[in-house]
Amino acid sequence: MKIDFEKLIDSNIEKKPGSNWHSIGITKQTNAKLVEIARELNCKKSELVKLALDNLINQHRKFTDE
């Protein structure tokens, strides 16, 4: 499945975080790269991570359905 970065470009709009947030552990290097990509796309890092994780979950579903 292809990640659609077009959905993220210029989506850096302030949103109030909801109570459904959960932190994940990532390395400082991975975080720095995510921050860099989010700046390039003008989006929130959380939206970038959500898109990546949603794609991973969808790929897993397809894999387990086979």
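Q: Is N55 buried or exposed?
A: In this predicted model, N55 sits in helix α2. Its relative accessible area is 8%. Buried means under 20% relative accessible area, so N55 counts as buried.

Q: How far apart in space are N55 and D4, C-alpha to C-alpha?
A: Along the sequence, N55 and D4 are separated by 51 residues. In space, the C-alpha to C-alpha distance between N55 and D4 is 9.6 Å.

Q: Which helix supplies the largest share of the largest nonpolar core?
A: The largest nonpolar core has seven residues: L8, L34, A38, L41, C43, L48 and L51. At least two of them come from each of α1 (28-41) and α2. The largest share is three residues, and the helix that supplies it is α1.

Q: Which residues is L8 in contact with, leaving aside its neighbours within four places in sequence?
A: L8 belongs to the largest nonpolar core. Leaving aside neighbours within four places in sequence, its contacts include N42 and E47. The full set is L41, N42, C43, E47, L48 and L51.

Q: Is I57 buried, partly exposed or exposed?
A: I57 lies in helix α2, which spans residues 45-65. Its relative accessible area is 41%. Partly exposed covers the range between under 20% and over 50%, so I57 is partly exposed.

Q: Which residues make the nonpolar surface patch of about 440 Å²?
A: In soluble globular proteins, nonpolar side chains tend to be buried together. Here, however, a nonpolar patch of about 440 Å² is on the surface. I57 is one of its residues, and the full set is I24, I26, L53, L56 and I57.

Methods:
Residues numbered from 1 in each chain as written. Predicted model: local features only at pLDDT ≥ 70, side-chain atom pairs only at ≥ 80, totals over all residues. Heavy atoms only, no water. Patch = residues over 30% accessible without salt bridge, like charges linked within 9 Å, V, L, I, M, F, W, Y side chains within 5 Å. Areas by Shrake-Rupley, 256 points an atom, 1.4 Å probe, with all protein chains shown as cover. Salt bridge = Lys/Arg side-chain N within 4 Å of Asp/Glu carboxyl O. Helix = DSSP H or I, 4+ residues; strand = E, 2+ residues; numbered from the N terminus. Buried < 20%, exposed > 50% of the residue type's maximum accessible area, 1.4 Å probe, protein only. Core = buried A, V, L, I, M, F, W, Y, C linked by side-chain atoms within 4.5 Å. Contact = heavy atoms within 4.5 Å.
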